[in-house]
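This briefing covers a few local features of one protein structure. Look at the sequence and the 3D view first, then read the points below.

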Amino acid sequence: MRETFAELLMAQAGELGVQFEEGQIEQFYQYFTLLTEWNKVMNLTAITEMEDVVTKHFVDSLSLVRIFPQIAQESCSVIDVGTGAGFPGIPLKIAFPSIKITLLDSLNKRIRFLQEVTDKLKLQDVQAMHGRAEDYGRMKEYREQFDCCVSRAVANLSTLSEYCVPFVKVHGCFIPYKSGKVEEELKQAGNALKILGCHVERTEEFLLPATDASRVLVMIRKEKVLSRKYPRKAGMPSKEPLK
């Protein structure tokens, strides 16, 4: 299984122009093993077959290079909001070890899993935090401190932007991972992004390798310091999205 895993990962990541050293492939395999082991007692993911984990979790996470190639060249600071089982943050850290990654999730049991992954894979410059984005986004040690914020969390773009934009430095970027068509969602989020001092710079649409699954990465650029009004108190961004 290990050889098949390595071949599949290298081939699909290669389509993105991402190359691995042997130790990195072993880290990905350890991550896959930990994910499936912990998933037996904790609901981390519905995707557990090796081929699907490689394509729909690992390679999907690494697809960020399509729209943000700088991550492969720079020691940038990245926060993954609503990271869940560590996607896209952990695969990005394995592939691009020079980045500093912060993983934020509202469920503490997921954070325990991520700490186990970080320890077993001996990953450096990884911080796993338990809490809500609305709370951390108001703290001075995290507010407007990151070059890039990523998220594969399932939420409408208006809500997700209010969670994520507070973490991004001025001139930094927020990149949500989306599936399917996003034109209507982008249109509906237009005013929310304006309120948050951002604009959509461009989008990148593609199919996941060996699937007909459509994905879209959205490059949202932050133009100015965010008003202290945002994020609103916990729960508000999802109950009453900015319009």
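Strand 2 (residues 100-105) and strand 3 (residues 126-130) pair in the parallel sense, with 5 bridges between them. The model is predicted. The points below follow this strand pair, then a buried helix, then a buried lysine.

**Strands 2 and 3**
- One bridge partner can be named: Thr-102 is matched with Gln-127 in strand 3.
- Helix 5 (residues 108-120) joins with strand 2 and strand 3 to make a β-α-β unit, and this unit is right-handed.

**Helix 7**
- Helix 7 spans residues 157-164, and 8 of its 8 residues are buried, so the helix is largely enclosed by the rest of the structure.
- The buried residues include the polar Ser-158, Thr-159, Ser-161 and Glu-162, as well as Leu-157, Leu-160, Tyr-163 and Cys-164.
- Asn-156 caps the N-terminal end of this helix, with a side-chain oxygen 3.0 Å from the backbone nitrogen of Ser-158.

**Lys-178**
- Lys-178 belongs to strand 5 (residues 168-179).
- Is Lys-178 buried or exposed? Lys-178 has a relative accessible area of 11%, and the cut-off for buried is under 20%, so Lys-178 counts as buried.
- The side chains of Lys-178 and Glu-185 make a polar contact at 2.7 Å.
- Beyond its neighbours within four places in sequence, Lys-178 is in contact with several residues, among them Asn-156, the cap of helix 7.
- Leu-157 and Leu-160, both buried residues of helix 7, are also in contact with Lys-178.
- Other contacts of Lys-178 include Ala-155, Ser-214, Arg-215 and Val-216.

Notes
Residues are numbered from 1 along each chain as its sequence is written. This is a predicted model: local features need pLDDT of at least 70, side-chain atom pairs count only at pLDDT 80 or more; totals for chains, interfaces and linings use all residues. Side-chain values use heavy atoms; hydrogens and water are left out. Buried means under 20% relative accessible area, exposed over 50%, partly exposed in between (1.4 Å probe, protein chains only). Helices (H or I, at least four residues) and strands (E, at least two) are DSSP runs, numbered from the N terminus. A polar contact is a pair of N or O atoms within 3.5 Å; within protein, one must be able to donate a hydrogen and the other to accept it, and residues adjacent in sequence count only if both atoms are side-chain atoms. Contact means heavy atoms within 4.5 Å. Two strands pair if DSSP finds at least two bridges between them. A crossover is right-handed if, with the strands pointing away from the viewer, the path from the first strand over the helix to the second runs clockwise.
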